[in-house]
There are 4 protein chains.
Amino acid sequence: MQMGLIGLGKMGGNMRERLRNAGHTVIGYDRNPELSDVPSMVDLVDQLPQPRVVWVMVPAGGATQHVIDQLATLLKPGDLVVDGGNSRWTDDVKHAKQLHARGIGFVDAGVSGGVWGLENGYALMVGGDKEHVDRLRPIFDALKPEGPYGYVHAGKVGAGHFAKMVHNGIEYAMMQAYAEGWELLEKVDSVDNVREIFRSWQEGTVIRSWLLDLAVNALDEDEHLEKLRGYAEDSGEGRWTVEAAIDNAVPLPAITASLFARFASRQEDSPQMKMIAALRNQFGGHAVEKKG
Amino acid sequence: MQMGLIGLGKMGGNMRERLRNAGHTVIGYDRNPELSDVPSMVDLVDQLPQPRVVWVMVPAGGATQHVIDQLATLLKPGDLVVDGGNSRWTDDVKHAKQLHARGIGFVDAGVSGGVWGLENGYALMVGGDKEHVDRLRPIFDALKPEGPYGYVHAGKVGAGHFAKMVHNGIEYAMMQAYAEGWELLEKVDSVDNVREIFRSWQEGTVIRSWLLDLAVNALDEDEHLEKLRGYAEDSGEGRWTVEAAIDNAVPLPAITASLFARFASRQEDSPQMKMIAALRNQFGGHAVEKKG
Amino acid sequence: MQMGLIGLGKMGGNMRERLRNAGHTVIGYDRNPELSDVPSMVDLVDQLPQPRVVWVMVPAGGATQHVIDQLATLLKPGDLVVDGGNSRWTDDVKHAKQLHARGIGFVDAGVSGGVWGLENGYALMVGGDKEHVDRLRPIFDALKPEGPYGYVHAGKVGAGHFAKMVHNGIEYAMMQAYAEGWELLEKVDSVDNVREIFRSWQEGTVIRSWLLDLAVNALDEDEHLEKLRGYAEDSGEGRWTVEAAIDNAVPLPAITASLFARFASRQEDSPQMKMIAALRNQFGGHAVEKKG
Amino acid sequence: MQMGLIGLGKMGGNMRERLRNAGHTVIGYDRNPELSDVPSMVDLVDQLPQPRVVWVMVPAGGATQHVIDQLATLLKPGDLVVDGGNSRWTDDVKHAKQLHARGIGFVDAGVSGGVWGLENGYALMVGGDKEHVDRLRPIFDALKPEGPYGYVHAGKVGAGHFAKMVHNGIEYAMMQAYAEGWELLEKVDSVDNVREIFRSWQEGTVIRSWLLDLAVNALDEDEHLEKLRGYAEDSGEGRWTVEAAIDNAVPLPAITASLFARFASRQEDSPQMKMIAALRNQFGGHAVEKKG
């Protein structure tokens, strides 16, 4: 199948390679001419046979909106756009409407796999009309892992990114679960070898998982993680998961706790704990730690 | 009324003064001879008329146990011991039993008031037999604030400290509530003057309280709390509250969150967030912050 | 001062009364002709001298937008609109812009006080240009409680509702704090009289507050709250507080826990706990409770 | 190797079978004569050659203490007791001391595997002296899963149960993570097929795990879990994990949230939410739901 691919960063570049390995003809465009197959989006569109398929793989938000705006102008009725980036599901609904007004189809695809995807395949969660999704099946089949899993048509437009977003929310809480357990084990004197405990859990336990395998890899590189700072970014999907929960009145205590732990990890000093210290000092005369 | 008072620190010393101001005869003992009225606990006991009342106001745990052990030997049947320190309610039950075996009565008293108690009175939450509690009423009346509030016979032995413990648990979450709100207001550009917002809340709002008044005092001293570190100790009662909740299968999400925020505030770097950083790096190739 | 007041529900009606008691001339409009002073918004605008002041006190969202749209058409340059409802601060920014385009000023006012406001005054948190806010001072002075507190000019447009929103977030966590403590005390056998413990806390403690007074009122009406269901609505501001926290990467664990507790209180049966039950059954053969 | 095994319930019975399949000679004792190989513990001890190995597999708490007390009398110096039940690590320290006083060794073994253990092997986390642990290796090798994982000597006496306890804490939060995500997906209209989303996640995603496989099994049996009640017990280890965290000042927000969600799931009506409802009614005149 012939297709365009816009955005050839770490994810997009690897996806192009996996698609080509599967026999597809991929014309890639990136703002960086060293990565790009064509000099412009116009060229990319010109070189694709109609009805065209263009996969967008650029950062969520402004960059994606910019590409969608361009494609709305360049593409023709019957063409089909896939947003495989990390867009918010609410943006999908807007983009689908914008493109639909010009007769262009839209499918959203949540893509998981990270640096391991090129080799193992990318898990795909897809939202959109059945007709559009069916047209893209050869591409999805090339990208997804072998075997029966790793692909789902999750529902209407937006459902793919919604499912991927919830996947990431779950991921946050699972990571937090291991992290909390690890800290507690490291803290206790009678426990000698936390790394080997983690390693042993990889078989026969209820908590065996791919994330656990990665934790063992990390501990093999740096047993007590002494080289790292306890600092973690968050990437949008965690926040959107909590916001979606609030919109739907669904309590998400563990996922939200995991998000807040990341927020706190990025603070040099906690403003709210200054207020706690100030209050303790006011009513109890408790000593406070003044700044150096 | 004549009574002994063991422990003349910040709290005990002020209580002695308030009791004497109310006309009671207080013989105080402290390990620090500069604070003490008598050279030893033996002297204190000797100078009190039978049946004696001895109020213990020393740190919870070993120090209190040591004094109880001594008093169990020195006192006589019919005497009465009050533990006004911050003992765990489970210790009260043990102490009551230990003293009861020698005919000595025991009452536990949770005392709130901090540095403001000398002037405003101490809130008292009392546990023990009605007969013992009634005998102590003149002392409680002298210590408590004027007016109808500030004193309760909460239940059996241990109930006084249990009520005080829950009071402190509630206090943790109330402080956390104001602290979270303050941080959010400070973070937002369109809000100019957080201190004045707090001040305005002191009348007409749902959240007016004595803690709010203290927050305003603190902000008047240091508008953005720039002189403080976001570092807060916890004092036992918060932990015991959560443990009691676990024993009784009662969910305490807000109080527990407040306790954990204090734990986190005392960590130079968060071990659990190192694990989060390590995992993100493993699966996503996300950059990690290495140490200096 | 002459002013229009749109929305004469429980809040608006009481505010009209308090304003009139203070000597202001208030022309009220409500969709309900039995409450309204004039038959239409057009009449209200016609009867006010220029430059007009119109206070909007209708439900947040669509109803407020509808009134703003109408006023944008009916009012003239130099007139001034106050939104005293529970609008989201982000809507204020939109409304100010919409009205500014027609030369009409806008001020947002967060109003606290509930059913007690008529008698005790309403706490006001105000956002907008100094010039507009100054013009409204006589109205604010009439509404606010007597004394030095209960009014603040919090910042730019939106800051009033933002401050009120955070007030409500704090309120959620304070209520949760008392509620958690109350449940724990009620659960424990050695504690006899939880209502009297709450009553005693009203003086001399760290946690005395107006909410505590209300809790005692409630317990006086129904000592164990046996007549109530454990069911609590939430009103927008709690959700927005958490969303604002997420936007600003501020951890709000206690406030969010309080919001989630309300969500959970409204579920007949918890879907997430069904999944927990299903998983326990899968790996451990643990018994599950099947439905009726 | 010859060994005694006390407690032949679901876990103990399967372990006896797996040990015998591996060629060990197991003399089992259970209070239930239909399960037991010998009529009494005395007979079990008599039939074992010295130095004996006796594995205890009875419920934690009183039942385990009773067996340890008996074995302390029946066994001889040089014999070795293994507690493979779910004892609290703090009990291990007591039991080791009690047995050590009579020259008897003690090892604690946290055992994971549930109903799948007989076939797949049991993950073992072991605490105790190297000499004792080494003596038991043939037994551990028979019980553990094949392959390099599933066994660890975690540290001193107590470390085995401590590691197992933390394992269970992590398990609580992982289950909660999937459960929260599942509820959110089920709630949203644009998502059609949550079961197929979960199924797809089994390959190529960050959150693939054995628990996820079990979730898919459960959804295959009952797609929307309509036959279950949202009700979950907790089994001790989750509580102890949080208590250990409190003892060590380690914040465990996600694990604790998971424990509290289980507590709440078992309440017919939430007392704390009654207080929230009562307070809302007091200050805002908000309607409350009255019972029946």
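Okay, one bit of vocabulary before we start: a helix axis here is a line fitted to the C-alpha atoms over the stretch in contact, and the angle between two axes runs from 0 to 180 degrees between their N-to-C directions. Keep in mind that what you're looking at is a predicted model.

So, let's use that straight away. Find helix H13 of chain C, residues 271-284, and helix H12 of chain D, residues 253-265. They pack at an angle of about 100°, and their axes are 10 Å apart. Angles of 65 to 115 degrees count as roughly perpendicular, so H13(C) is roughly perpendicular to H12(D). Which residues make the contact? On the H13(C) side you've got C:Met273, C:Ile276 and C:Arg280, and on the H12(D) side D:Ala261, D:Arg262 and D:Ser265.

Staying with chain D, let's compare copies. Give chain D a turn of 180°, with a shift of 0.0 Å along the axis, and you can lay it on chain A with an RMSD of 0.0 Å. The two copies are therefore related as by a two-fold rotation axis. And the same surface serves both: 100% of chain D's contact residues recur in chain A.

Now hop over to chain B and look at strand E1, residues 2-6. Four of its five residues are buried, so to speak tucked in: the strand is mostly covered. What does E1(B) pair with? One partner is strand E2, residues 25-29, parallel to E1(B) over five bridges; B:Leu5, for example, has B:Gly28 as its bridge partner. Another is strand E3, residues 53-56, also parallel, joined by three bridges, where B:Ile6 partners B:Val56.

Last thing: E1(B), helix H1 (residues 10-21) and E2(B) together form a right-handed β-α-β unit.

Notes
Residues numbered from 1 in each chain as written. Chains lettered and ligands numbered in written order. Predicted model: local features only at pLDDT ≥ 70, side-chain atom pairs only at ≥ 80, totals over all residues. Heavy atoms only, no water. Least-squares fit on C-alpha atoms with pLDDT ≥ 70 in both. Contact = heavy atoms within 4.5 Å. Buried < 20%, exposed > 50% of the residue type's maximum accessible area, 1.4 Å probe, protein only. Helix = DSSP H or I, 4+ residues; strand = E, 2+ residues; numbered from the N terminus. Pairing = 2+ DSSP bridges. Right-handed = clockwise from strand over helix to strand, strands pointing away. Parallel < 35°, antiparallel > 145°, perpendicular 65-115°, else oblique.
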